[in-house]
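Could you walk me through this model, beginning with how its strands pair and ending with the chain overall? A guided tour in plain paragraphs would be welcome.

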Amino acid sequence: MFTHGRAVVSVAAVAWLGLSAVAQSQGAGPAANGQPPEGMQTAVLFDPAVGVNAYTITYPAKWNYQAMLWQGSPCDPISAPVFRVSSPDGLSVVERMPPFGWSWGSDAASSRPKQGCLDVHETVSAKDFVKYMSSMLQVEYVGDDSVPRDAAERYQASFDRLNAQSEQIAANGGALTHQWGDIAVAKIRFKNGTYPMEGRVSATIGCIGNRTRTFRGQPVETDRCQATVAYLYAPEAQFAALWAERPRIGAQPIPGYIDAWRAALQRQTQQVIALSQAQMAASQQNFANQQAAQLQAHNQFLATMQAGTDASMARAAQIANTQHTIASDYVDYALGQQTYRNPATGQATKVAAGSAVTWLSADGRQSYQAPDPNANPNGVLPGTWNRGQQTHGDGSPYP
């Protein structure tokens, strides 16, 4: 199994800073005096598990902000900031996603699927990973974008330094670890309603491998990787300005947080041993409760069947009248769509599912969606815009 010591935290810290190692190398974050750069604002993420402020998020003034501290997963316990910042009209967006982790190895534990891990059992290059992410985001992958040479060299130098330290530890009888990784940026494009959009997906991948032996002297290899992903996009005409601004947008750990997090992790490891017996007892009780609930549901199902079909027959006409609505909703779901009505024109429009808000122009010719429910294009984009009203797939209103 992996040990979560200084080496693991060090390689993860490289990927934590800024949008990616690319953004971090170009100075994302507050100025040295603690004040945000001109035209920017900051927010602070608190880590309740550690009890201290963890990260400072820097983003453009007057933009909307959403964030949380990702507390890790069984695949990788390292905490990380997750945020989305968006322009007032909701069209320009910068996102930092939860980290993606995967592991493999020659020990028995590594051969079993692990919750929270990708089903990957080898090193994946950052270039391949951004292609995979583009597909997952359902956007068109246009091609690779260049990574600043100084950022790539600085990232590689961090691995060289950590591996040299590991070799010294191994020479003195310690376990040998090896760390590696790379950075890639992909160009993407898509359409948001009537707006052609341009964007970038960046991935910073860091991996660590341990080489140890069992008490019988048998070699054991365990490897683990983590990908930190940033996603930013804007209308084609506005993307160049957003891309130029990106070095100033990002997250940086507050001084002292990494040490506090490491100390909390060590305390948590000790507590796991003390709590294991209590957790086992609780699991047994939960299993008993689940069995009782299943038995009750089974008895209720039998009672319903024994009551006959009178109630279902009485509802047949009602179901027939609503069947078209149900079918239209199901088709929307299958196609990844949702239906919105323009309150100004009464026109129903099909848009992509999953966004927090859909805006429709008063003339019904333009539309776009935004992940932030507070986005409002009025006063920002030309014309008058109405907030769409979500309906059933056939355009009928929800009750």
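Let's begin with strand 3, residues 64–70, which pairs with strand 4 in the antiparallel sense over seven bridges. To find your place in this pairing, look for Met-68, which stands opposite Val-82 in strand 4. Please keep in mind throughout that this is a predicted model.

Now follow strand 4 to its other partner. Strand 5, residues 93–96, is joined to strand 4 by four bridges, and the two run antiparallel. Here a handy marker is Arg-84, with Glu-95 of strand 5 opposite. Strands 4 and 5 form a hairpin, with six residues between them. If you check the backbone in that turn, you will find Gly-90 with a positive phi of about 80°.

How many of the seven residues of strand 4 are buried? Six of them are, so strand 4 (residues 80–86) is largely enclosed by the rest of the structure. The cut-off behind that word is a relative accessible area under 20%.

From here, turn to the nonpolar interior. The largest nonpolar core has 33 residues, and the members that touch the most others are Trp-102, Phe-129, Val-229 and Tyr-368. Several elements supply at least two residues each to this core: among them are helix 3 (126–136), strand 6 (100–105), strand 8 (176–192) and strand 10 (219–235), along with the later strands 14 (357–361) and 15 (367–370). Strand 9 gives the most, with six residues.

Phe-129 is a good place to pause and look around. Setting aside its neighbours within four places in sequence, Phe-129 is in contact with Phe-100, Trp-102, Leu-118 and Val-124, and also with Ala-203, Ile-205, Ala-227 and Val-229. There is also a second, separate core, which has 25 residues, including Leu-69, Leu-232, Ala-234 and Ala-251.

Next comes a covalent link. A search of the whole structure turns up one disulfide. Which cysteines does the disulfide join? The link runs from Cys-207 to Cys-225, with an S to S distance of 2.0 Å. The angle about the S-S bond is 110°, and the link of Cys-207 and Cys-225 is right-handed. Cys-207 belongs to strand 9 and Cys-225 to strand 10, so the pair ties together parts that are 18 residues apart in sequence. Both Cys-207 and Cys-225 are buried.

Further along the chain, three strands form an open sheet in the order 13-12-17, with antiparallel pairing. Its edges are strand 13 (348–352) and strand 17 (389–391), each of which pairs on one side only. From one strand to the next, the twist averages 45°. Within this sheet, strand 12 (residues 337–341) and strand 13 run antiparallel and are joined by five bridges. One residue pair to look for here is Arg-341 and its bridge partner in strand 13, Ala-348.

Finally, let's step back to the whole protein chain. Its secondary structure comes to eight helices and 17 strands. Of its 399 residues, 40% are buried. Among contacts between residues at least 6 apart in sequence, 61% join residues at least 24 apart. As for the surface, the protein chain exposes about 21700 Å², and carbon and sulfur atoms supply 54% of that area.

Methods:
Residues are numbered from 1 along each chain as its sequence is written. This is a predicted model: local features need pLDDT of at least 70, side-chain atom pairs count only at pLDDT 80 or more; totals for chains, interfaces and linings use all residues. Side-chain values use heavy atoms; hydrogens and water are left out. A nonpolar core is a set of buried Ala, Val, Leu, Ile, Met, Phe, Trp, Tyr and Cys residues joined through side-chain atoms within 4.5 Å. Buried means under 20% relative accessible area, exposed over 50%, partly exposed in between (1.4 Å probe, protein chains only). Contact means heavy atoms within 4.5 Å. Two strands pair if DSSP finds at least two bridges between them. Axes are lines fitted to C-alpha atoms, for helices over the stretch in contact, and angles run from 0 to 180 degrees between N-to-C directions. A disulfide is a pair of cysteine sulfur atoms within 2.5 Å. Accessible areas come from the Shrake-Rupley method with a 1.4 Å probe; for residues, only the protein chains shown count as cover.
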